[in-house]
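Reader: I should like to learn how the overall architecture of a protein model is read. Would you kindly take me through one case?

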Amino acid sequence: MAGDPRSDRRLSMDVAKEMERAGHEYKANKKWVARTKARPPRDLDEQFHGEHEEAFSRIDCLDCANCCKTTSPIFRDIDIDRLARHLGIRPAELVDRHLHMDNEGDYVLNQAPCPFLGDDNYCSVYEARPRACREYPHTDRKNMLPILPLTLRNTLVCPAVARILRSLREN
Ligand code: SF4
Ligand code: SF4
């Protein structure tokens with residue numbers, strides 16, 4: 001997720017263009033996901049992890065921040081406590097100021113872009129950001145199969161995920 005200071009050697013990118021392309025590819029990606037769910041390859045995780053490395057060797061999150069600008073991470077209690085401590089406020093105050101419960105009973109941000117995102121695309125609370133931010137876009141985790149539908153949706157948010165699915169689909 002944005003704010004990752006690993007920002008050397010990468011190309012700048014037109015996020016809007018990348019997202020437009022991902023929109024055009026959504027149907028094909030959806031088919032690939034359906035096919036893969038029906039007959040998952042044994043090395044699905046390894047395939048994802050290889051493409052994840054490749055995508056993030058080319059994409060600089062600081063050129064993008066589209067996840068922080070358009071979606072909210074889920075805040076678990078532990079995330080709320082950590083961030084409140086970092087900000088020097090009470091957890092209840094953090095909730096009052098910035099969060100609400102969504103339909104699934106999870107705390108999420110009241111607004112997008114995230115109030116902790118700077119104009120320079122750096123996360124101002126990087127060390128204390130929620131776990132969901134640390135793990136986004138989840139393409140390097142174990143057991144990708146159950147989150148293929150989420151990954152498909154994330155092609156419309158994250159240019160890296162769009163690239164990953166494109167590569168997997170075309171290989
Ligand atoms: S806390 Fe906000 S700005 Fe920081 S990584 Fe998470 S969504 Fe992005
Ligand atoms: S949307 Fe993807 S590429 Fe863009 S900042 Fe978030 S994780 Fe990085």
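Author: The following turns treat elements, domains and overall form.

Author: This is a predicted model, in which local features need pLDDT of at least 70, side-chain atom pairs count only at pLDDT 80 or more, and totals for chains, interfaces and linings use all residues. Residues are numbered from 1 along each chain as its sequence is written, while chains are lettered from A and ligands numbered from 1 in the order in which they are written.

Reader: How many helices and strands are there in the protein chain?

Author: Helices (H or I, at least four residues) and strands (E, at least two) are DSSP runs, numbered from the N terminus. The protein chain holds eight helices and two strands, in the order α-α-α-α-α-β-β-α-α-α from the N terminus on.

Reader: Which domains does the domain assignment give?

Author: Domain bounds come from an automatic or database domain assignment. Here domain 1 comprises 15-69 + 136-170, and domain 2 comprises 74-135. Their C-alpha centres lie 25 Å apart.

Reader: How many residues of domain 1 are in contact with domain 2?

Author: Two residues are in contact if their C-beta atoms, placed from the backbone, lie within 7 Å. Seven residues of domain 1 are in contact with 10 residues of domain 2.

Reader: Why does the radius of gyration agree with a compact globule?

Author: The radius is taken over C-alpha atoms, and the globule rule is 2.2 Å times the number of residues to the power 0.38. For 171 residues a compact globule would have a value near 16 Å, and the protein chain has 17 Å, which agrees. Along its principal axes the C-alpha trace spans about 50 × 35 × 25 Å.
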